[in-house]
Amino acid sequence: FFSPVRVVAVVVVLIAVVIFYPIATGSRVDKAKLYKNAQADINTEDYEGAVESLNKIVDLDPNYKNAKKKLSQAKKGLYDQAKNSTEAGDLENAEARLALLSEIDPTYKDVPKLIEDVKKNQEDEANDQSNSNADNNSGGSDNTGGTGEDPGNGDNGDNGPGPKEIG
């Protein structure tokens, strides 16, 4: 009944189950949880979180539900947010979203051109800011009424008005 061959076979099967069952079921659970999180992220317009979750799903199982379709939806959401940020003048936010898009899909729509445009706009803003600062610092007044002399307060022999006597 307990031949050595049967005992070894049973032990091997048990070891395989112990090792591989959590991996197999865990990836199913992880994909389902990631997919649910991605859907919630899309609903709240957190496209960065959605892209992160959906990329993990697609890496694990490219054919999982409609993960690729949802990933396209999340990328479009990121793209739209980047365009809106650019139009609103929020170049830092636009650049961050475009960088993420470029990382996951370098050829997505016109992302490379938008990145160039945002960087050029940031450079222009920086130049405008430095020119504005230079204008504010040149030709300024020394607040002495144009005479270059200290009006004085009368307590050091400078002939200015002295302190009032209290009587």
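Here are some friendly notes on the helices of this predicted model, and on a few residues worth finding in it.

1. **The overall plan.** Start by counting elements: the protein has 5 helices and 0 strands. If you follow the sequence from its beginning, the pattern reads α-α-α-α-α. The protein has 167 residues, and buried ones make up 24% of them. Now take the contacts between residues at least 6 apart in sequence: 45% of these join residues at least 24 apart.

2. **How to look at a helix pair.** Two packed helices are described by the angle between their axes and by the distance between those axes. Keep both in mind for the next points.

3. **Helix 2 with helix 3.** Find helix 2 at residues 47-60 and helix 3 at residues 67-88. Their axes come within 9 Å and cross at roughly 150°. An angle over 145 degrees counts as roughly antiparallel, and helix 2 and helix 3 are therefore roughly antiparallel to each other. Their crossing is left-handed. On the helix 2 side, the contact is made by Y47, E48, A50, V51, L54, N55, I57 and V58. Helix 3 answers with A67, K68, K70, L71, A74, K75, G77, L78 and Q81. Sorted by class, the residues of this contact are 10 nonpolar, 3 polar and 4 charged.

4. **Helix 3 with helix 4.** Move along to the next pair, where the axes of helix 3 and helix 4 come within 8 Å and cross at roughly 150°. By the same cut-off, helix 3 and helix 4 are therefore roughly antiparallel to each other. Helix 3 passes helix 4 in a left-handed crossing. Look on helix 3 for K75, L78, Y79, Q81, A82, S85 and T86, which meet L91, N93, A94, R97, L98, L100, L101 and I104 of helix 4. This contact has 9 nonpolar, 4 polar and 2 charged residues.

5. **The nonpolar core.** Which residues of the largest nonpolar core touch the most other members? In this set of 27 residues, they are L54, I57, A74, L98 and V111. The elements that give two or more residues to the core are helix 1 (4-43), helix 2, helix 3, helix 4 (91-104) and helix 5 (111-137).

6. **A closer look at L54.** L54 is worth selecting in your viewer. Set aside its neighbours within four places in sequence, and L54 is in contact with Y35, A38, I42, A67, K70, L71 and A74. L54 is also one of the helix 2 residues that make the contact with helix 3.

7. **Next door, N55.** N55 sits in helix 2. Is N55 buried or partly exposed? Its relative accessibility is 23%, so N55 counts as partly exposed. Beyond neighbours within four places in sequence, N55 is in contact with L71 and I104. You can also compare N55 with L34: these two are 21 residues apart along the chain, and their C-alpha atoms are separated by 9.6 Å.

8. **Two loop residues to check.** Where is E45? E45 lies in the loop between helix 1 and helix 2. The phi of E45 is near 60°, a positive value in a residue other than glycine. With 51% relative accessibility, E45 counts as exposed. Then find K109 in the loop between helix 4 and helix 5. K109 has a positive phi of about 40°, although K109 is not a glycine.

Methods:
Residues are numbered from 1 along each chain as its sequence is written. This is a predicted model: local features need pLDDT of at least 70, side-chain atom pairs count only at pLDDT 80 or more; totals for chains, interfaces and linings use all residues. Side-chain values use heavy atoms; hydrogens and water are left out. Axes are lines fitted to C-alpha atoms, for helices over the stretch in contact, and angles run from 0 to 180 degrees between N-to-C directions. Helices (H or I, at least four residues) and strands (E, at least two) are DSSP runs, numbered from the N terminus. Angles under 35 degrees count as roughly parallel, over 145 as roughly antiparallel, 65 to 115 as roughly perpendicular and the rest as oblique. A crossing is left-handed if the near helix is turned anticlockwise from the far one by less than a right angle, and right-handed if clockwise. Contact means heavy atoms within 4.5 Å. Ala, Val, Leu, Ile, Met, Phe, Trp, Tyr, Cys and Pro count as nonpolar, Asp, Glu, Lys and Arg as charged, and the others, Gly among them, as polar. A nonpolar core is a set of buried Ala, Val, Leu, Ile, Met, Phe, Trp, Tyr and Cys residues joined through side-chain atoms within 4.5 Å. Buried means under 20% relative accessible area, exposed over 50%, partly exposed in between (1.4 Å probe, protein chains only).
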